[in-house]
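Hi,

Here is the structure I promised to pass on. Have a look at it first, and then read my notes underneath.

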Amino acid sequence: MTEIEIPETAPDVEPDLTVDNRGRGCASGIARVQRALEDLGPGSILRIRSTDRRAKQEYGRLAAQTDHDLLAIETNRNGLLRKEYTTYLEIGEP
């Protein structure tokens, strides 16, 4: 299986909803994202902010297993050791 290349630059769109998962593990973060997805219709943009280093794998996997499009995952360093990840998903058909 080949790895999909994920854009690292935020799309030029305004998100319809932001889920702030900074400081949470991916398991509880994914649950919060899934609840948010229920509130968004097709074509909506969801922004997910996270500090979990597994964000790229988990949110990439979420997009691959659903009809949502992974638009980008930005990585920013916040301080000396902490990284923050901002994921952009375009919501697909349910």
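Below is what I found, starting with confidence and the sheet and ending with a few loop residues.

First, a caution: this is a predicted model. The protein chain averages a pLDDT of 87, and 94% of the residues score at least 70. Broken down by element, β2 comes out with the highest mean pLDDT, at 96, while α1 has the lowest, at 84. Where pLDDT is low, the coordinates should not be read in detail.

Now the sheet. Four strands make it up, in the order β1-β2-β4-β3, and the sheet is open with mixed pairing. Which strands stand at the edges? They are β1 and β3 (residues 69-78), and each has a single partner strand, so one side of each is left without a neighbour in the sheet. On average, neighbouring strands are turned by 15° against each other, if you ignore direction.

Going across the sheet pair by pair:

- β1 (residues 17-21) and β2 (residues 45-50) run parallel, with five bridges between them. If you want a spot to click on, V19 has I48 in β2 as its bridge partner.
- β2 and β4 (residues 82-90) are antiparallel and joined by six bridges. Here R49 has T86 in β4 as its bridge partner.
- β3 and β4 are also joined in the antiparallel sense, by nine bridges. One of the residue pairs to look at is N78 with R82, its bridge partner in β4.

Helix α2 packs on this sheet and touches β1, β2, β3 and β4; its direction makes about 170° with that of β3. Which residues of α2 (residues 55-64) are buried? They are A55, Y59, G60, L62 and A63. These residues cover an arc of only 155° around the axis, which means that they lie on the same side of α2.

On to the loops. Between β1 and α1 (26-38) you will find R24. With a relative accessible area of 39%, R24 is partly exposed, because that value falls between the 20% and 50% cut-offs. Leaving out residues up to four places away in sequence, R24 touches R32, T51 and D52. For a sense of distance, R24 and L80 are 56 residues apart in sequence, and their C-alpha atoms are 19 Å apart in space.

The same loop question can be asked of G23, which also has its place between β1 and α1. Is G23 buried or exposed? It counts as exposed, at 66% relative accessibility. G23 and E84 are 61 residues apart along the chain, yet 9.7 Å separates their C-alpha atoms.

D52, one of the residues that R24 touches, has its place in the loop between β2 and α2. D52 is buried, since its relative accessible area of 9% is under the 20% cut-off. What does the side chain of D52 reach? It reaches the backbone nitrogen of R54, at 2.7 Å.

If you open the model yourself, I would begin with the contact between R24 and D52, and then turn to α2 where it packs on the sheet.

Cheers

Note on methods:
Residues are numbered from 1 along each chain as its sequence is written. This is a predicted model: local features need pLDDT of at least 70, side-chain atom pairs count only at pLDDT 80 or more; totals for chains, interfaces and linings use all residues. Side-chain values use heavy atoms; hydrogens and water are left out. Two strands pair if DSSP finds at least two bridges between them. Helices (H or I, at least four residues) and strands (E, at least two) are DSSP runs, numbered from the N terminus. Buried means under 20% relative accessible area, exposed over 50%, partly exposed in between (1.4 Å probe, protein chains only). Contact means heavy atoms within 4.5 Å. The arc is that of the directions from the helix axis to the C-beta atoms. Axes are lines fitted to C-alpha atoms, for helices over the stretch in contact, and angles run from 0 to 180 degrees between N-to-C directions. pLDDT is the predictor's confidence in each residue, from 0 to 100. A polar contact is a pair of N or O atoms within 3.5 Å; within protein, one must be able to donate a hydrogen and the other to accept it, and residues adjacent in sequence count only if both atoms are side-chain atoms.
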